[in-house]
Amino acid sequence: MAYETILYEVADGVATVTINRPKVLNALNPQVVSELDQVFRAIDADPEVKVVILTGAGEKAFVAGADIAAMSKMTPGQARNFSRQLQKVTQLMEEIAKPVIAAVNGFALGGGTELALACDFVYASEKAKFGQPEINLGIIPGAGGTQRLPRQVGKAWAKELCLTGEIIDAALAKEIGIVNRIFPPEELMPAAKKTAATIAAKGRVSTRAVKELINFGYDLPLDHALRLEAETFGQCFASPDQAEGMTAFLEKRPPKFTGEA
Ligand code: CAA
């Protein structure tokens, strides 16, 4: 499929999606959002892809937010629909069976922080910056900033970030739980690819189960979530990867997972 606003490549089971509008710091206009929707649907359907890395083109930005020029002309109804379109992409990223790693190479503001938070975890360059500056535009976050951010960092930090619009550095973003790990800029993509390769070598039944249970069990009452975990744990024992993983351990050799359900 041809994309105009994103770059897409797959190598050794790892898909890299690069938002590619560097002249406007990879701002999200309706076309980018639509192409992200298409590419994540394609990724979900492609058995060759096991893990995804999401990043931004150029030296400066991951995504500097929704495209302010495009938004400046929107009616309330169009803005509502744009917010839903963005939110649906973030939900799609959470729902697909494959882990998505954000490699935040620079500014991740507004919709940029929100996209990163919809990934399974975030690696950041030392140059990365995060924030929800929508308040400075007379609006509010529209892609999960008031909802996913408090679930990730707690209500108090989410309120401070959304109310002040302050832009924070990678170190503070790590301290409050947005970022897992920080790297020098040139080491960010190699590190993301190394982790992606590690995950790609695991059994797909297990990687899917971990992602689904943590994403969808998290908001359930603990007793329900634990029962769901036990059911899924049991289902793993119907997969060839369970037999292979345990046989390989007992035979003192590395496992060779097939990913068959
Ligand atoms: N939308 C459209 N264009 C943008 C943009 C955005 N979000 N962010 C940057 N650009 C454009 C700039 O207009 C500029 O274009 P020109 O060269 O044509 O003037 C170009 O990208 C480079 O940007 P700057 O010259 O501003 O670069 P800088 O280094 O001086 O500043 C910055 C960088 C601090 C990120 C600054 O660009 C900025 O504040 N950007 C806007 C950030 C923002 O408010 N994001 C939230 C958007 S709302 C949102 O995301 C809603 C939601 O939740 C869905």
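## Working through a predicted model

Leu137 sits in the loop between strand S8 (129-131) and helix H5 (148-153). Keep in mind throughout that this is a predicted model.

**Exercise 1. Work out which residues join Leu137 in a nonpolar surface patch, and how Leu137 is classed by accessibility.**

Start with the accessibility. Leu137 has 44% relative accessibility, so the label is partly exposed. The cut-off for joining a patch is over 30% relative accessible area, and Leu137 makes it with 44%. Now for the partners: Ile68 and Ile139 form the patch together with Leu137, and the patch covers about 250 Å².

**Exercise 2. Describe how helices H9 and H10 pack: what is the crossing angle, and which residues meet?**

Two numbers do the job here, since a packed pair of helices is described by the angle and the distance between the axes. For H9 (residues 204-217) and H10 (residues 222-236), the axes come within 11 Å and the crossing is roughly 170 degrees. That angle makes the two helices roughly antiparallel, H9 against H10; the label applies to angles over 145. Next, list the contacts. H9 brings Val205, Ala209, Leu213 and Gly217, while H10 answers with Ala225, Leu228, Glu229, Thr232 and Cys236.

**Exercise 3. Take three salt bridges from the structure and say where the partners of each pair lie.**

Side chains of opposite charge can pair when their charged atoms come close. How many salt bridges does a search of the whole structure find? The count is nine.

- *Step one.* Arg21 and Asp67 pair up through their side chains at 2.9 Å, N to O. Arg21 is in the loop between strand S2 (14-19) and helix H1 (30-45), and Asp67 is in the loop between strand S4 (61-63) and helix H2 (68-71), so the bridge ties together parts 46 residues apart in sequence. Asp67 has a relative accessible area of 9%, so this residue is buried.
- *Step two.* Lys211 and Asp120 form a salt bridge at 3.0 Å, N to O. Lys211 belongs to helix H9 and Asp120 to the loop between helix H4 (111-118) and strand S7 (121-125), so-called distant parts of the chain, 91 residues apart. Lys211 is buried at 6% relative accessibility, whereas Asp120 is partly exposed at 28%.
- *Step three.* Asp219 and Arg151 meet at 3.9 Å, N to O, and the cut-off is within 4 Å. With Asp219 in the loop between H9 and H10 and Arg151 in helix H5, the pair ties together parts 68 residues apart in sequence. Asp219 is exposed at 55% relative accessibility, and Arg151 is partly exposed with a relative accessible area of 48%.

One extra for the list: Glu244, Glu251 and Arg253 are joined into one network by salt bridges that share partners.

**Exercise 4. Decide whether helix H4 is enclosed or open to the surface.**

Count the buried residues: eight of the eight in H4 qualify, so the helix is largely enclosed by the rest of the structure. Among them are Gly111, Glu114, Leu117 and Ala118.

**Exercise 5. Find what surrounds Val14, and where Met1 lies relative to Val14.**

Val14 is part of strand S2. Its relative accessibility is 9%, so Val14 counts as buried. Leaving out residues up to four places away in sequence, Val14 touches Glu9, Val51, Ile53, Ala196, Ala197 and Ala200. As for Met1, the separation from Val14 is 13 residues in sequence and 17 Å in space, C-alpha to C-alpha.

Key: Residues are numbered from 1 along each chain as its sequence is written. This is a predicted model: local features need pLDDT of at least 70, side-chain atom pairs count only at pLDDT 80 or more; totals for chains, interfaces and linings use all residues. Side-chain values use heavy atoms; hydrogens and water are left out. Patches are made of residues with over 30% relative accessible area and no salt bridge: like charges are joined within 9 Å, nonpolar side chains (Val, Leu, Ile, Met, Phe, Trp, Tyr) within 5 Å. Accessible areas come from the Shrake-Rupley method with a 1.4 Å probe; for residues, only the protein chains shown count as cover. Helices (H or I, at least four residues) and strands (E, at least two) are DSSP runs, numbered from the N terminus. Buried means under 20% relative accessible area, exposed over 50%, partly exposed in between (1.4 Å probe, protein chains only). Axes are lines fitted to C-alpha atoms, for helices over the stretch in contact, and angles run from 0 to 180 degrees between N-to-C directions. Angles under 35 degrees count as roughly parallel, over 145 as roughly antiparallel, 65 to 115 as roughly perpendicular and the rest as oblique. Contact means heavy atoms within 4.5 Å.
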